[in-house]
Amino acid sequence: MTTALDLANPDTFPSRRDEDWKYSDVRRLLRTMPPASPVGVVHGGGPFFEQGGDALTFINGRAVGDDHFTAFGDHVVRLRFVSEASETGHTVTATVGARRNSKLIILESHEGAGSAYVAHNRLTIAAASGAEIVRIVLVDEPADALSITQASVTLGAGATFSQTVLTTGAKLQRFETRVKHPGEGTRVRIDGAYLVEESRHADMTTEVDHVGGNGETDQLTKGVVRDAGRGVFQGRIIVREGADGTDARMGHHALITSDRGEVDAKPELEIYADDVSCAHGNTVGALDESALFYMEQRGIPADEAKVLLTEAFLMEVVDRIGHEGARERVRAWLMERL
């Protein structure tokens, strides 16, 4: 097992020898502890500002006010991780949760400015029995940043957790989510989309551990790789002994639009229980040439046709977002980058 990452201790930097990090070799890019990032100033309200709610903000590893938030009843919190640094490093630890029968919508943004910084964000999320948490994440960072976000999610019986992450990658970027699934009517949906170009790298790693019976997990990740970009998907669903009645499904589908792009995908199911319904699927391919030809024959320029097909491919993930205001904001964010 990989030692917990600590920017202050180079011995903990994972490398390709660590199975969970074989596609995202931190040690190759980061040999020594980076100097600490300076105090920063937050500008603006972030991409979800118009959605309102409370704000939980961190800049260069420091909290602007509280470093935790707990929902009683129905709440929206805008969770912002802001990096405004050059050739320095910072770590954030944050906690959010929802009490019993509460609903919390987390509108999360990772906003990067400066260059060549190292950011490590650690997030603990907890939903009590009967609670609902919706997490929607936009990640927008410089091409030369090294960024790792690790979230640990704990759920009570009958809770609901939904997550959608969209990212454009960085020099090395990893977005990791690990969920402890109790079963007992708990429902989990984990979705993601990556759009990487130039030489950017985006790693989406997830693990959902079913420790009790009669739980659901539904996962859909889609990616588009252009130029010399690299997309990584690692999804693991574990069904422990005794977790009978589990319904778990995982899908990863990617498009590579250049000869230099790369996608590494490792979907895994570990099943130690009987009477379960589990499946996973994985496809990596190119844009449909017949669809492109059809569109060009009807007067649509080739570049525009490629954008339209790419949009349709990725929007399946966006359309699964239940919060209307956030869904439209995410749609606009993605269209700006297409």
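This is a short conversation about reading backbone angles, salt bridges and strand pairing in a predicted model.

Trainee: I have the structure open. Which residue other than glycine has a positive phi near 55°?

Mentor: Start with the general idea: most residues other than glycine have a negative phi. Here, A116 goes against that habit, with a phi near 55°. Look for A116 in the loop between β6 (103–115) and β7 (118–127).

Trainee: Is A116 buried, partly exposed or exposed?

Mentor: A116 is partly exposed, because its relative accessible area is 28%, and that class runs between 20% and 50%. There is another case to look at: D227 has a positive phi near 50°. D227 sits in the loop between β14 (216–225) and β15 (230–239). With a relative accessibility of 31%, D227 is partly exposed too.

Trainee: Now for charges. How many salt bridges does the model have?

Mentor: The general idea is that side chains of opposite charge can pair when their charged atoms come close. In this model the count comes to 27 salt bridges. Try E111 and R80, whose closest N and O atoms are 2.8 Å apart. E111 belongs to strand β6 and R80 to strand β4 (residues 74–86), so this pair links distant parts of the chain, 31 residues apart.

Trainee: Why do E111 and R80 count as buried?

Mentor: The cut-off for buried is under 20% relative accessible area. E111 counts as buried because its relative accessibility is 18%. R80 is buried because its relative accessible area is 4%.

Trainee: Which residue forms a salt bridge with E108?

Mentor: That is R135, and the N to O distance is 2.7 Å. E108 lies in strand β6 and R135 in strand β8 (residues 132–140), so their salt bridge ties together parts that are 27 residues apart in sequence. Both E108 and R135 are buried.

Trainee: Where in the chain are E197 and R226?

Mentor: In loops. E197 is in the loop between β12 (187–196) and β13 (201–210), while R226 is in the loop between β14 and β15, 29 residues apart. Their side chains meet in a salt bridge at 3.3 Å, N to O. E197 is partly exposed at 31% relative accessibility, whereas R226 is buried, with a relative accessible area of 18%.

Trainee: Which residues are linked in a network of salt bridges?

Mentor: The network links D20, R174, E176, R178, D203, E207, R236, E268 and E270. Among them, D203 and E207 also turn up in β13, on one side of that strand.

Trainee: Let's look at β13, then. How many of its residues are buried?

Mentor: Ten of its ten residues are buried. A strand has two faces to check, and both faces of β13 are covered. On one side you find H201, D203, T205, E207 and D209, and on the other A202, M204, T206, V208 and H210.

Trainee: Which strands pair with β13 in the parallel sense?

Mentor: Strand β11 (residues 172–181) pairs with β13 in the parallel sense over nine bridges. β15 pairs with β13 in the parallel sense too, over ten bridges. To follow these pairings on screen, pick out single bridge partners: V179 is partnered with V208 in β13, and T205 is partnered with Q234 in β15.

Terms used: Residues are numbered from 1 along each chain as its sequence is written. This is a predicted model: local features need pLDDT of at least 70, side-chain atom pairs count only at pLDDT 80 or more; totals for chains, interfaces and linings use all residues. Side-chain values use heavy atoms; hydrogens and water are left out. Helices (H or I, at least four residues) and strands (E, at least two) are DSSP runs, numbered from the N terminus. Buried means under 20% relative accessible area, exposed over 50%, partly exposed in between (1.4 Å probe, protein chains only). A salt bridge is a side-chain nitrogen of Lys or Arg within 4 Å of a carboxyl oxygen of Asp or Glu. Two strands pair if DSSP finds at least two bridges between them.
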